[in-house]
Amino acid sequence: FLWYQTGGQDQRVVTDSDQRLYGSAFNLLTVCIWRIAGHDFGSWPAGFYEISHLLIALTGWIGLVAAGRIGCRLAGPCAGFLSVLFLALTPVYVGHAFMNPKDAPLAVGFLVATDALLVALREWPAPSWKTIAILGVSMGLTMGVRVNGVLLLAYWTLLVTVAVVLPETLAGPGARRPALASLIRTWLLPCAIAWMIMTALWPFAQLNPLWNPIQAILENAKFHWPA
């Protein structure tokens with residue numbers, strides 16, 4: 001928050017420890033809600049610690065909803081119910097949904113973005129503007145938590161590539177390849193939205209929006225953590 005408040009003068013978020021490798025999407029949201037609801041006006045009975053854990057738990061619930069939607073889209077209501085049940089019975093997911101401001105939002109971001117990918121697949125070859133916006137925002141928020149959310153861009157690119165090489169796979173028998181201009185626009189818009197949101201929520205990326213995310217990916221690939 002101090003990075004934004006000072007216009008980048010307070011650079012501890014990009015110089016302390018390895019924090020530069022992580023986006024600030026969830027942390028920034030938490031601090032903003034804390035300051036607005038409690039710190040500035042004193043109207044919230046809970047402190048920053050309680051608000052942070054409450055938001056992580058709410059994020060976990062969103063993940064359960066997204067998992068149910070994915071199951072329903074793939075195989076009907078029974079699969080949706082089982083998706084929610086099995087995820088809710090996964091100790092790692094539930095445990096992190098109580099306390100982890102990085103991995104829990106990352107997992108939920110992947111679920112929400114995957115659901116949006118399935119909607120785009122169903123609407124192909126002309127995903128609605130709403131679907132494109134949801135896909136771009138969900139990918140951007142995920143990447144703004146941890147940079148390995150960039151895999152979502154790879155999934156989207158793979159889907160579009162299949163649409164070019166095997167159009168009948170997505171759009172059914174007799175389908176034709178979309179026009180090149182339409183295809184580029186459909187692919188590029190969610191990617192551009194995602195990258196802009198990631199950059200806006202990640203101070204280290206703001207210093208170099210193209211190279212620094214790549215550098216973070218390379219450093220995370222050989223990340224050593226003794227715990």
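Which side chains meet in a salt bridge at 2.8 Å, N to O? Arg69 and Asp115 do, and they appear in the first view below.

This is a predicted model, where local features need pLDDT of at least 70, side-chain atom pairs count only at pLDDT 80 or more, and totals for chains, interfaces and linings use all residues. Residues are numbered from 1 along each chain as its sequence is written, and side-chain values use heavy atoms, leaving out hydrogens and water.

**View 1. Arg69, Arg73 and Asp115 are joined into one network by salt bridges that share partners.** A salt bridge here is a side-chain nitrogen of Lys or Arg within 4 Å of a carboxyl oxygen of Asp or Glu. By that rule there are four salt bridges. Arg69 sits in helix 4 (residues 48-75) and Asp115 in helix 7, so their pair ties together parts that are 46 residues apart in sequence. (Helices are DSSP runs of H or I with at least four residues, numbered from the N terminus.) Arg73 also bridges to Asp115, with the closest N and O atoms 2.6 Å apart. Arg73 is in helix 4 too, so this pair links parts that are 42 residues apart in sequence. Now check who is tucked away: Asp115 counts as buried at 7% relative accessibility, while Arg69 is partly exposed at 41% and Arg73 is partly exposed at 24%. (Buried means under 20% relative accessible area, exposed over 50%, and partly exposed in between, using a 1.4 Å probe and protein chains only.)

**View 2. Arg146 and Asp103 make a salt bridge with 2.4 Å from N to O.** Arg146 belongs to the loop between helix 8 and helix 9 and Asp103 to helix 7, so the pair ties together parts that are 43 residues apart in sequence. Arg146 is partly exposed at 21% relative accessibility, and Asp103 is partly exposed at 29%.

**View 3. Trp124 and Trp156 are an edge-to-face pair, because their ring centres are 6.3 Å apart and their planes stand at 75 degrees.** A pair of aromatic rings is described by the distance of the centres and the angle of the planes. Rings of Phe, Tyr and Trp (its six-membered ring) pair if their centres lie within 6.5 Å; planes under 30 degrees apart are stacked, over 60 edge-to-face, and the rest tilted. The whole structure has three aromatic pairs. Trp124 is in the loop between helix 7 (103-123) and helix 8 (129-143), and Trp156 is in helix 9 (residues 151-165), so the two tie together parts 32 residues apart in sequence. Both of these Trp residues are buried.

**View 4. Trp202 and Phe204 form a tilted aromatic pair.** Their rings are 6.3 Å centre to centre, with 50 degrees between the planes. Trp202 is buried at 1% relative accessibility, and Phe204 is buried at 8%.

**View 5. Asn212, Pro213 and Ala216 are the buried residues of helix 13 (residues 211-221).** Look down the helix axis and these buried residues fall within an arc of 100 degrees, so they line one face of helix 13. That arc is taken from the directions from the helix axis to the C-beta atoms.

**View 6. Cys32 lies in helix 3 (residues 25-39).** Cys32 is partly exposed, at 27% relative accessibility. Its C-alpha atom is 7.8 Å from that of Phe1, although the two residues are 31 apart along the chain.
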